[in-house]
Amino acid sequence: AVVSSADGSAMAKLGQTTVLAGVQAVPTLPSEAEPGEGRVVISLDQPLAGGERGGQARQEREQSALSELLQRSAAGMVAAASL
């Protein structure tokens, strides 16, 4: 396992760039209001790349935007009722 705290993980390298991804499944009970519905939550953790002025704020905005895009993409791929 590349990430010991994850249920599954992978590392990819292309030139000077390395990407590490980990997946963790946390089963939870559905809400009483929607007992037949499941959910998928996407969370992105990205270490801060050093050296850029204003880099942290920009990187946090990019991370937030990417998390939102991944969440919307996953919602379109998974029928929550099938979870």
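This passage walks through the fold, the surface and the side-chain pairings of the protein chain.

The model is a predicted one. Its protein chain holds 1 helix and 2 strands, and reading along the sequence gives the pattern β-β-α. Not much of the chain is tucked away by the burial criterion used here: 7% of the 83 residues count as buried. In total the protein chain exposes about 7000 Å², with carbon and sulfur atoms supplying 55% of that area. As for how the chain meets itself, take the contacts between residues at least 6 apart in sequence: 31% of these join residues at least 24 apart.

The two strands come as a pair. β1 and β2 run antiparallel to each other and are linked over 7 bridges. Together they make a hairpin with 2 residues between the strands, and G15 in the turn has a positive phi of about 60°. Two of the pairings can be picked out by name: A10 has A21 of β2 as its bridge partner, while M11 is matched with L20 of β2. L20 itself sits in β2, which covers residues 17–23. The M11 and L20 pair also turns up on the surface, where these two residues and V2 form a nonpolar patch. Taken together, V2, M11 and L20 offer about 270 Å² of accessible area.

Ahead of the hairpin, S4 belongs to the segment before β1 (8–14). With a relative accessible area of 74%, S4 is exposed, because the cut-off for that label is over 50%. S4 and G22 are 18 residues apart in sequence, yet their C-alpha atoms are 9.0 Å apart in space.

Past the hairpin, S43 is found in the loop between β2 and α1. S43 has a relative accessibility of 62%, so it also falls in the exposed class, over 50%. Its C-alpha atom is 8.6 Å from that of L70, although S43 and L70 are 27 residues apart along the chain.

Helix α1 takes up residues 55–77, 23 residues in all. Does its length fit a straight count or depart from it? At 1.5 Å a residue the helix should span 33 Å, and its end C-alpha atoms are 32 Å apart, so the two values agree. Several α1 positions are buried, namely G55, Q59, Q63, S67 and A74.

The helix also carries the charged pairings. A search of the whole structure finds 2 salt bridges. In one of them, the side chains of E62 and R58 meet at 3.0 Å, N to O. These two residues are 4 apart in helix α1, which means that about one helical turn separates E62 from R58. Neither partner is buried: E62 has 41% relative accessibility and counts as partly exposed, and R58, at 34%, counts as partly exposed too.

The other salt bridge joins R72 to E68, with the closest N and O atoms 2.8 Å apart. Here again the spacing is 4 residues in helix α1, so R72 and E68 are about one helical turn from each other. E68 is partly exposed, because its relative accessibility of 46% lies between the 20% and 50% cut-offs.

Note on methods. Residues numbered from 1 in each chain as written. Predicted model: local features only at pLDDT ≥ 70, side-chain atom pairs only at ≥ 80, totals over all residues. Heavy atoms only, no water. Expected span 1.5 Å × (residues − 1). Buried < 20%, exposed > 50% of the residue type's maximum accessible area, 1.4 Å probe, protein only. Patch = residues over 30% accessible without salt bridge, like charges linked within 9 Å, V, L, I, M, F, W, Y side chains within 5 Å. Areas by Shrake-Rupley, 256 points an atom, 1.4 Å probe, with all protein chains shown as cover. Salt bridge = Lys/Arg side-chain N within 4 Å of Asp/Glu carboxyl O. Contact = heavy atoms within 4.5 Å. Pairing = 2+ DSSP bridges.
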